[in-house]
Amino acid sequence: MQLAELLGAKKLYQRNFLNCFDQYSDGDDFHDPQYIQHFRDILSAIHGKKLIKISFQTRKDNRITHYFLPTKIEYSAKNNKFRVYVNRYQKRRMVDRGIINLSQVTLTKLTDITPDSFLAVTDKKKQAKIKILNERNAVNRFMLEFAELEKESVFDEDSGECMVSIKYDEQNENEIIIRLLSFGPVVEVLSPYDFRRKIKERVDRQLALIKNRSKCE
C-alpha cells in the first residue's frame, strides 16, 4: 500500500475480492499492535541469540510462561498463521524443543542472556525421498507447496517423473505427512521406511473409516 502511494498508482483490487479456497479462514490478526510487538520481540531474540520470556495460552486455555531461545519464525500458508520454533531453557540450560503459534502469545520480554550452549543447538533434520508423477501439474504444485524446505530434485523427461529429496524438522513431521497426503496418488513416498509406514497407516485408517461409513448407510 505504501509503495502504491509513493508511485501514485491506483488500487487494482481490494483484499475482500480474493477467496483462498485452500486456506483456513481463522488466520492470525496481522494488524493487531500486540501481535506485531510480539513478532518484533521474538525476531530480535533470534537475531541477537538472546533468551526471551514468553507467555502463551494452550488450546486447553492453560497459561504457560518460560524462557526460550527462538530459532526461527515460519509462516504456514494453509493455516495463514505464523509459528515460532523454540528451545526451552531452565537455568541457562536447554531442556526441550517446541513450536508456539504466535497468535497464542500473550507476553514477550527480551533479556540480555545468551545461553552458553546455543552454538551446540541444531534442529533435528530428517530426509525423505519422494516420487512425483507428472499429472495434474503435480510437480509444480509440489514445489510451491514445499517451497520453504531444503530439497534436491531430478526430473526424468522420458517418464515424466520427478524424484525429490526433502529435508524437514523432525518435530514438524505430522504436518509434512498431512501435506503430502493432500496430493493423492500422484505422490509416492519411497523412503525412509518408517516415514513411508506412517503414510500407509494414515491411508489405511482413512479407508477403514470410508468402509465403515458405507456399511452404516
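**Exercise 1. Around I166**

Task: Find which residues I166 touches when those up to four places away in sequence are not counted.

Solution. Step 1: With contact meaning heavy atoms within 4.5 Å, I166 touches K126, Q127, A128, I130, F142, L149, E150, K151 and I176. A word on the model before going on: it is predicted, so local features need pLDDT of at least 70 and side-chain atom pairs count only at pLDDT 80 or more, while totals for chains, interfaces and linings use all residues. Residues are numbered from 1 along each chain as its sequence is written, and side-chain values use heavy atoms, with hydrogens and water left out.

Step 2: Now place I166 in its core. A nonpolar core is a set of buried Ala, Val, Leu, Ile, Met, Phe, Trp, Tyr and Cys residues joined through side-chain atoms within 4.5 Å; buried is under 20% relative accessible area, exposed over 50%, and partly exposed in between (1.4 Å probe, protein chains only). The largest such core has 21 residues, and I132, F142, I166 and L180 touch the most other members.

Step 3: Ask who contributes. At least two residues come from each of β6, α3, β8, α4, β9 and α5; β8 gives the largest share, 4 residues. Apart from this core lies another, of 13 residues, including I52, F56, V86 and V105.

**Exercise 2. One face of a helix**

Task: Work out which residues of helix α3 are buried, and how they sit around its axis.

Solution. Step 1: Helices (H or I, at least four residues) and strands (E, at least two) are DSSP runs, numbered from the N terminus. Helix α3 spans residues 138-145, and its buried residues include A138, V139 and F142.

Step 2: Look down the axis and take the directions from the axis to the C-beta atoms. The buried residues of α3 fall within an arc of 100 degrees, so they line one face of the helix.

Step 3: Find the cover. It includes strands β6 (125-132), β8 (162-169) and β9 (187-191), along with helix α4 (173-181). As background, nonpolar side chains tend to be buried together in soluble globular proteins.

**Exercise 3. Following the charges**

Task: Trace the salt bridges of D169 and R179 and say where the partners lie.

Solution. Step 1: A salt bridge is a side-chain nitrogen of Lys or Arg within 4 Å of a carboxyl oxygen of Asp or Glu. The count comes to 19.

Step 2: Start with D169, which pairs with K72, the closest N and O atoms being 2.9 Å apart. D169 is in strand β8 and K72 in strand β2 (residues 63-76), and 97 residues separate them. D169 is buried at 5% relative accessible area, whereas K72 is partly exposed at 26%.

Step 3: Turn to R179, whose side chain meets that of E145 in a salt bridge (2.8 Å, N to O). Because R179 lies in helix α4 and E145 in helix α3, the pair ties together parts 34 residues apart in sequence. R179 is buried, with 8% relative accessible area; E145 is partly exposed, with 26%.

Step 4: R179 also pairs with E148, at 3.0 Å between the closest N and O atoms. E148 sits in the loop between α3 and β7 (150-155), so its pairing with R179 in α4 links parts 31 residues apart in sequence. E148 is partly exposed, with a relative accessible area of 42%.

Step 5: Join the pairs. Through shared partners, K72, E74, R83, K125, E145, E148, D169, E175 and R179 form one network.

**Exercise 4. A proline in a loop**

Task: Decide whether P115 is buried or exposed, and list what P115 touches.

Solution. Step 1: P115 is in the loop between β5 (105-110) and β6. Its relative accessible area is 1%, so P115 is buried.

Step 2: Not counting residues up to four places away in sequence, P115 touches K49, L51, L69, Y89 and R92. L69 is 46 residues from P115 in sequence, yet the C-alpha to C-alpha distance is 8.2 Å.

**Exercise 5. The whole chain**

Task: Sum up the protein by its elements, burial and contacts.

Solution. Step 1: The protein has 5 helices and 9 strands, in the order α-α-β-β-β-β-β-β-α-β-β-α-β-α.

Step 2: Of its 217 residues, 29% count as buried. Among contacts with a separation of 6 or more, 58% join residues 24 or more positions apart.
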